[in-house]
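Trainee: Please take a close look at the cysteines of this chain. I would like to know how they are paired and where they sit.

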Amino acid sequence: MIRWCCAFALLLGVFSLEVCLPPAFSWRRGGQFIVAGKKPGEDVSTEFVDTTNGNFRFEEFDFVDGKQYFAEIIIKNKEKRMWTIRTETGTGVIKCTCVEATLPPTSTCLQKNATVDGTIRVGGADATIYSEQASVSGAMVYQEVILTTGDNAPVLTRTFDTRTSVYSHNLYYNYRIDVPASAFDVPSFCPTQPSGKITVEEIRETRPKLAEMLRL
């Protein structure tokens with residue numbers, strides 16, 4: 001898939017050379033999104049990616065319809081496990097659940113149909129604007145990605161998903177390419193065995209930002 005609010009993405013540029021982020025990195029993302037029929041929302045997340053070992057961590061504060069909650073998700077693809085640690089609204093109670101999850105490999109590259117739209121200056125540095133699109137569950141997802149020219153550090157993404165009618169706008173900061181293995185440690189109070197299964201489609205429906213990070 002393509003949505004990389006998480007646009008972990010980089011690209012096949014004008015010279016037909018594939019440009020990708022390294023296999024392991026982390027960043028913080030601040031986003032705003034509009035869901036059809038609902039009030040605009042905003043979220044802030046910290047995201048860790050290690051595609052070599054199939055490990056992912058997603059920490060997010062969400063603000064939707066005036067309510068706030070915190071969720072932390074750890075995925076270990078080789079173990080086919082996904083843990084969710086969440087603070088329940090209004091109680092402060094923290095719960096951890098484990099489900100079986102079989103996910104496809106995650107790419108750190110833009111789609112092969114990505115094109116260069118132009119260049120801009122960001123904080124004194126040159127940045128390149130790319131556009132890409134992909135078909136997801138029979139609908140189109142369109143994304144604009146801004147990366148610093150040369151080292152491809154992510155700056156901004158704008159995404160529109162025609163399937164869900166969700167528009168999102170995201171800024172990236174604290175980008176690092178050194179990710180410690182401890183970033184994917186599962187808390188000791190979490191179960192080790194899954195209590196159920198989750199599909200790719202369910203992740204897309206219930207966790208669109210996580211799906212963007214995983215490019216599902």
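Mentor: Counting the bonded cysteines along the chain, the disulfides follow the pattern 1-3, 2-4. The model is a predicted one, and it holds two disulfides.

In one of them, Cys20 is joined to Cys109, with an S to S distance of 1.6 Å. This pair links distant parts of the chain, 89 residues apart. Cys20 lies in the loop between strand 2 (18-19) and strand 3 (24-35), and Cys109 lies in the loop between strand 8 (94-101) and strand 9 (115-122). The torsion about the S-S bond of Cys20 and Cys109 is about 100°, so this disulfide is right-handed. As for exposure, Cys20 has a relative accessible area of 29% and is partly exposed. Its partner Cys109 has a relative accessible area of 10%; buried means under 20%, so Cys109 is buried.

The other disulfide is formed by Cys96 and Cys190, whose sulfur atoms are 2.0 Å apart. Here too the pair links distant parts of the chain, with the two positions 94 residues apart: Cys96 is in strand 8, while Cys190 is in the loop between strand 13 (166-176) and strand 14 (197-198). With a torsion of about 110° about the S-S bond of Cys96 and Cys190, the disulfide is right-handed. Cys96 counts as buried at 15% relative accessibility, and Cys190, with a relative accessible area of 8%, is buried as well.

That leaves Cys98, which is in no disulfide. The nearest cysteine sulfur is that of Cys96, at a distance of 7.4 Å. A disulfide requires sulfur atoms within 2.5 Å, so Cys98 and Cys96 do not count as a pair. Cys98 is buried, with a relative accessible area of 1%.

The surroundings of strand 8, where Cys96 is found, can be followed through strand 7. Strand 7 and strand 8 run antiparallel and are joined by seven bridges. One point of contact is Thr84, whose bridge partner in strand 8 is Thr97. Strand 7 spans residues 81-87, and five of its seven residues are buried, so this strand is largely enclosed by the rest of the structure.

To draw this together, strand 8 holds Cys96 of the disulfide with Cys190, and the loop between strand 8 and strand 9 holds Cys109 of the disulfide with Cys20.

Terms used: Residues numbered from 1 in each chain as written. Predicted model: local features only at pLDDT ≥ 70, side-chain atom pairs only at ≥ 80, totals over all residues. Heavy atoms only, no water. Helix = DSSP H or I, 4+ residues; strand = E, 2+ residues; numbered from the N terminus. Buried < 20%, exposed > 50% of the residue type's maximum accessible area, 1.4 Å probe, protein only. Pairing = 2+ DSSP bridges.
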